[in-house]
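Good morning, everyone, and thank you for making the time. I would like to walk through one structure with you, beginning with a term and then moving from the inside of the chain to its overall form.

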Amino acid sequence: EVQLVESGGGLVQPGGSLRLSCAASGFTFSSHSMSWVRQAPGKGLEWVSDINSGGGSTYYGDSVKGRFTISRDNAKNTLYLQMNSLKFGDTAVYYCARKLTSWSGVYDYWGQGTQVTVSS
């Protein structure tokens, strides 16, 4: 059974940092591109970042570029999102998701999400 379990969310002040983790199991993690997607209160899903299966290629949405860093440890079956210089607008539930194919924006498995709240 494929499982994606996020952790690391919480309450942080503007300008602060958090690192999210996503523990994967039930599939060959190193064979799949992965993504982080977020949903702010009352809004739709927003793509945040992608990483290819080997970790050598990363992509970011314009709203997080230069502040967030996606990475993965295939030996630990874990995906990460380092979030720096957090803003009020980063408040959202953050999901990790497995991409159906490396070139598509289709996801076949999602985690349960972790809440990130940026507040003073």
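Before anything else, when I call a residue buried I mean that its relative accessible area is under 20%. Please also keep in mind that what you are looking at is a predicted model.

With that term in hand, let me start with two cysteines, since Cys-22 is buried and Cys-96 is buried as well. These two residues are joined to each other by a disulfide, with a sulfur-to-sulfur distance of 2.0 Å, and the structure holds one disulfide in total. The link between Cys-22 and Cys-96 is right-handed, with 50° about the S-S bond. Because Cys-22 sits in strand S3 while Cys-96 sits in strand S9, the pair ties together parts of the chain that are 74 residues apart in sequence. For those who like the chemistry stated plainly, a disulfide is a covalent bond between the sulfur atoms of two cysteines.

Let me turn now to the nonpolar core. The largest one has 26 residues, and those with the most contacts inside it are Trp-36, Phe-68, Leu-79, Leu-81, Met-83 and Tyr-94. Two or more residues each come from strands S3, S4, S5, S7, S8, S9 and S11, and S3 gives the most, with four residues. As a general remark, nonpolar side chains tend to be buried together in soluble globular proteins.

Which residues is Tyr-94 in contact with, if we leave aside its neighbours within four places in sequence? Its partners include Trp-36, Phe-68, Leu-81 and Met-83, and also Glu-6, Arg-38, Gly-113 and Thr-114.

Stepping back to the whole chain, the secondary structure comes to 11 strands and zero helices, so that, read along the sequence, the pattern is β throughout. The radius of gyration is 13 Å, close to the 14 Å that the globule rule gives for 120 residues, and the chain is therefore as compact as a globular protein of that length. Along its principal axes, the C-alpha trace spans about 40 × 25 × 25 Å.

Of the 120 residues, 43% count as buried, and the accessible surface comes to about 6,000 Å², with 49% of that belonging to carbon and sulfur atoms. Finally, if we take the contacts between residues at least 6 apart in sequence, 53% of them join residues at least 24 apart.

Definitions and conventions. Residues numbered from 1 in each chain as written. Predicted model: local features only at pLDDT ≥ 70, side-chain atom pairs only at ≥ 80, totals over all residues. Heavy atoms only, no water. Core = buried A, V, L, I, M, F, W, Y, C linked by side-chain atoms within 4.5 Å. Buried < 20%, exposed > 50% of the residue type's maximum accessible area, 1.4 Å probe, protein only. Contact = heavy atoms within 4.5 Å. Disulfide = S-S within 2.5 Å. Rg over C-alpha atoms; globule rule 2.2 N^0.38 Å. Areas by Shrake-Rupley, 256 points an atom, 1.4 Å probe, with all protein chains shown as cover.
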